[in-house]
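Reader: I'd like a close look at a single part of this one. Could you walk me through the sheet, strand by strand?

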Amino acid sequence: MSWGTELWDQFDNLEKHTQWGIDVLEKYIKFVKERTEIELSYAKQLRNLSKKYQPKKNSKEEEEYRYTSTRAFLATLNEMNDYAGQHEVISENMTSLITGELTRYVQELKQERKSHFHDGRKAQQHIETCWKQLEASKRRFERDCKEADRAQQYFEKMDADINVTKADVEKARQQAQLRHQMAEDSKAEYSSTLQKFNSEQHDHYYTHIPNIFQKIQEMEERRIVRIGESMKTFAEVDRQVIPIIGKCLDEITKAAESIDHKNDSQLVIEAFKSGFEPPGDIDFEDFTQPMKRTISESSLSNSRGDGKSEPKFGGKSKGKLWPFIKKNKGAGPEDFSNLPPEQRRKKLQQKVDELNKDIQKEMDQRDALTKMKDVYIKNPQMGDAASVDHRLAELGQNIEKLRIEVQKFEGWLAEVEGRLPPRTEQARRQSGLYEAQNTSAVNSCAQDRESPDGSYTEEQSQETEMKVPATDFDDEFDDEEPLPTIGTCKALYTFEGQNEGTISVAEGEMLYVIEEDKGDGWTRIRRNEDEEGYVPTSYVEVYLDKNAKDS
């Protein structure tokens, strides 16, 4: 099966067919290129999706990833990121192994095809030239033969005419002989040209054209084989990443199987347990007799008031006022006494752990500098040993300060866990660790502001204000200079400040800002010299002064 013998007369059709083959190859290249773009786009979208749902650093979301279900979701996000990476590998491999290689091959194929068909056209032009030469020789031979016949007839006519002179007859005879000789020469030339043409034609159709068409056939078959190999590569590139994609899916499955609902339930207890005891039974109050009613009320008041002498967190407060106990001073107290017992214990333990880590870091630095100093002492040319003394002294002071801090927080932690008796207010003042908050008064206040059924009442809160004794702590705040304004704000919505430390504002009201949001969602504002407090940051639009921003 050869194109040279079977398709010897189909030069134009072969030219069209080979051009179609190149078009098919270019179409396949375009298909693979679009596939790589889709893979890249898909990988980018997967990465963006994974990034979108990743927890933000130092945010509440990060804390939520303590739970096994959310950790499994985080593992899924990470695996989806790796999954996206495999689609990028598919795109890269298809680009380098298929589109890049085929693009170069198409350019070579076009040059080869152009060369072969140029040779074919050249061979056709040569045989056409030989054919034209044969036709010209044939016509010349035919013309000479006719001229020779006419000259012979003229000679015979002149020879038969008795009126023609002998000289004219001789002239006609010579002319006839000349024409006859010319015809013989044309015949010989025609015969030679014909033989030459037949030889050229034979070589053209049995040697030159078959060779050219054979090369074109081999070129086309290589193209077909190449596109088939590219299709195999197309499948192989996908198959190579299947094991890795399978591992990603296995890890997602493994993460899902690691979810422990019991563990998550326990974490909820640890996160929100307050440490308070449930409220006890409420005594029956008999209102049928005025005297008994008075006794009942006073006994209830005494039972409530007794809680003020012992600053323990075992009262009946529901903790609804915890977020606002210290709002008028911004951040909470250092000993976390504004928190429920269990939450306070966790915070103190966390603080102790952080301080111990800081101590370890400082000690590691001190050890490293000590070793460096020893090296300098043994080898003075390497450095001055006295140059590290200042830094060693600083590290020693830092470690001592951190240890004092640890002792302080461990003391508070021991209080919460019941290892030590609660310290008195005077002891706290003497140790310098007293915070600007009377925990006992606050807790008793929180208890007195609840009715026997646990609900909040304004009347009782007024009574509580009468019952809480004035302390030196209150005098400290009275003598404190007011904070300077750092900007202004406009109330976007009306806010009813019903809790302690808050202030009510009306929509559209302009006020002064005296303290920015510290990350707890509250901004401290002032209406006049006597009215200031906290409002939700989302309820106001803040305009800070330029100097305040620069500072």
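What follows is a tour of the sheet, with a short stop at two helices at the end.

Author: Sure. Keep in mind that this is a predicted model. Let's start with the overall layout: five strands make an open sheet, ordered E4-E3-E2-E1-E5, and the pairing is antiparallel. At the edges sit E4 and E5 (540–544), each of which pairs on one side only. Going from one strand to the next, the twist averages 40 degrees. As for what holds such an arrangement together, strands of a sheet pair through backbone hydrogen bonds, either parallel or antiparallel.

Now zoom in on E3, which covers residues 522–526. Is this strand buried or exposed? Here 5 of the 5 residues are buried, so E3 is largely enclosed by the rest of the structure. You can check that face by face: Trp522, Arg524 and Arg526 are buried on one side, and Thr523 and Ile525 are buried on the other, so that both faces are covered. Note that two arginines, Arg524 and Arg526, are among those buried residues.

Next, the neighbours of E3. On one flank is E2 (residues 510–515), which runs antiparallel to E3 and is joined to it by 3 bridges. If you want a register mark for that pair, look for Tyr512, which stands opposite Arg526. The link between E2 and E3 is a hairpin with 6 residues between the strands, and in its turn Gly519 takes a positive phi of about 105 degrees.

Then there's E4 (residues 532–536), also antiparallel to E3 and joined to it by 5 bridges. For this pair the register mark is Ile525, whose bridge partner in E4 is Gly533. Another hairpin makes the connection, with 5 residues leading from E3 to E4.

Over at the E5 end of the sheet, 5 bridges join E1 (residues 487–491) to E5, and these two run antiparallel. Gly487 has Leu544 of E5 as its bridge partner.

Now the helices. H9 takes in residues 389–417; at 1.5 Å a residue its 29 residues should span 42 Å, and the end C-alpha atoms are 41 Å apart, which agrees. Its buried residues include Leu392, Leu395, Ile399, Phe409 and Trp412, and also Lys408 and Glu415. Just after H9, Gly418 has a positive phi of about 85 degrees.

The other stop is His116, in helix H4 (residues 68–160). With a relative accessible area of 10%, His116 is buried. Leaving aside residues up to four places away in sequence, His116 touches Ile212, Lys215, Ile216 and Met219.

How values were computed. Residues are numbered from 1 along each chain as its sequence is written. This is a predicted model: local features need pLDDT of at least 70, side-chain atom pairs count only at pLDDT 80 or more; totals for chains, interfaces and linings use all residues. Side-chain values use heavy atoms; hydrogens and water are left out. Helices (H or I, at least four residues) and strands (E, at least two) are DSSP runs, numbered from the N terminus. The expected span of a helix is 1.5 Å times one less than its number of residues. Buried means under 20% relative accessible area, exposed over 50%, partly exposed in between (1.4 Å probe, protein chains only). Contact means heavy atoms within 4.5 Å. Two strands pair if DSSP finds at least two bridges between them. Axes are lines fitted to C-alpha atoms, for helices over the stretch in contact, and angles run from 0 to 180 degrees between N-to-C directions.
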